[in-house]
Amino acid sequence: MTNVVRYLTHPQVNIDPSIPVPRWGLSEVGRARTETVMATGPLSGTTQVISSGERKAIETAEIIAAKLGIDVEVREAMHENDRSATGFLVPDEFEAMANQFFGQPHVSIRGWERAVDAQLRIVGEVEHVLARGTPGDVLFVGHGGVGTLLFCHYSGLAIDRVHDQLAGGGCCFAFTSHGRRVLHGWRRLEEL
């Protein structure tokens, strides 16, 4: 039987340059958006919620998993592309770096993890979970950068930022567990 696999990115966060990015939590807007997700409808068949170990992803996953009555499994290697070499960047500088990250996937830009390496890592994590063959749909909760790399992989597309999630985060794409056929591209979590 083919189940649906969804990859959801965390929505808006509290940005605090004094705190390492992986420890940022959801903002009130991000939390409110996540609270709109219902346990009925498309997510009703979800039996696993798998989260990155970053706080914002865990908070998103916990809200949804609680509504589904299931636990969250945290997989540390599902983290966002490693940008620790630069730390916090102001929005314009970050966007320029992200463009370079996607535009030169085989190059480490200012010490950032290479896009090709981040893609191998996130695909490996997803494939490890899916190889267990647990019945039911799966919801992975993570980040926009590696989520876009995952989307490119399963869509058979070259790494390119043109395939990035919608602005504001909190977006989801879906594919089949068997055959890994993409069912839809990025949609806002409110559409789940």
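**Strands and helices of a predicted model**

In this predicted model, strand 2 and strand 4 run parallel and are joined by five bridges.

Me: Which residue of strand 4 is the bridge partner of V49?
Reply: Strands of a sheet pair through backbone hydrogen bonds, either parallel or antiparallel. Strand 2 and strand 4 are of the parallel kind. In strand 4, V49 has as its bridge partner L139.

Me: Which residue of strand 3 is the bridge partner of I50?
Reply: Strand 2 also pairs with strand 3, in the parallel sense and over four bridges. Six of the seven residues of strand 2 are buried, so that the strand is mostly covered. The bridge partner of I50 in strand 3 is E73.

Me: Which strands are the edge strands of the sheet?
Reply: The sheet is open and has six strands in the order 3-2-4-1-5-6, with mixed pairing. An edge strand pairs on one side only. The edge strands are therefore strand 3 (72-75) and strand 6 (182-188).

Me: What is the average twist from one strand to the next?
Reply: The twist belongs to the open sheet of six strands. From one strand to the next, its average is 20 degrees.

Me: Which residue in strand 5 stands opposite L8?
Reply: Strand 1 (residues 4-9) pairs with strand 5 (residues 171-176) over five bridges. The sense of this pairing is antiparallel. Opposite L8 in strand 5 stands C172.

Me: What angle does the direction of helix 4 make with that of strand 4?
Reply: Helix 4 packs on the sheet and touches strand 1, strand 2 (46-52), strand 3, strand 4 (137-142) and strand 5. With the direction of strand 4, that of helix 4 makes an angle of about 150 degrees.

Me: Is helix 4 roughly parallel or roughly perpendicular to helix 5?
Reply: The axes of helix 4 (residues 115-131) and helix 5 (residues 144-155) come within 9 Å and cross at roughly 75 degrees. Angles of 65 to 115 degrees count as roughly perpendicular. Helix 4 is therefore, with respect to helix 5, roughly perpendicular.

Me: How many nonpolar residues has the contact of helix 4 with helix 5?
Reply: Residues of helix 4, including I122 and V126, meet residues of helix 5, including L149 and Y154. By class, two residues of this contact are polar, two are charged and the nonpolar ones number ten.

Me: Why do the buried residues of helix 1 line one face of the helix?
Reply: The buried residues of helix 1 (residues 28-35) are G30, R33 and T34. They line one face because, seen down the helix axis, they fall within an arc of 100 degrees.

Terms used:
Residues are numbered from 1 along each chain as its sequence is written. This is a predicted model: local features need pLDDT of at least 70, side-chain atom pairs count only at pLDDT 80 or more; totals for chains, interfaces and linings use all residues. Side-chain values use heavy atoms; hydrogens and water are left out. Axes are lines fitted to C-alpha atoms, for helices over the stretch in contact, and angles run from 0 to 180 degrees between N-to-C directions. Helices (H or I, at least four residues) and strands (E, at least two) are DSSP runs, numbered from the N terminus. Angles under 35 degrees count as roughly parallel, over 145 as roughly antiparallel, 65 to 115 as roughly perpendicular and the rest as oblique. Contact means heavy atoms within 4.5 Å. Ala, Val, Leu, Ile, Met, Phe, Trp, Tyr, Cys and Pro count as nonpolar, Asp, Glu, Lys and Arg as charged, and the others, Gly among them, as polar. Two strands pair if DSSP finds at least two bridges between them. Buried means under 20% relative accessible area, exposed over 50%, partly exposed in between (1.4 Å probe, protein chains only). The arc is that of the directions from the helix axis to the C-beta atoms.
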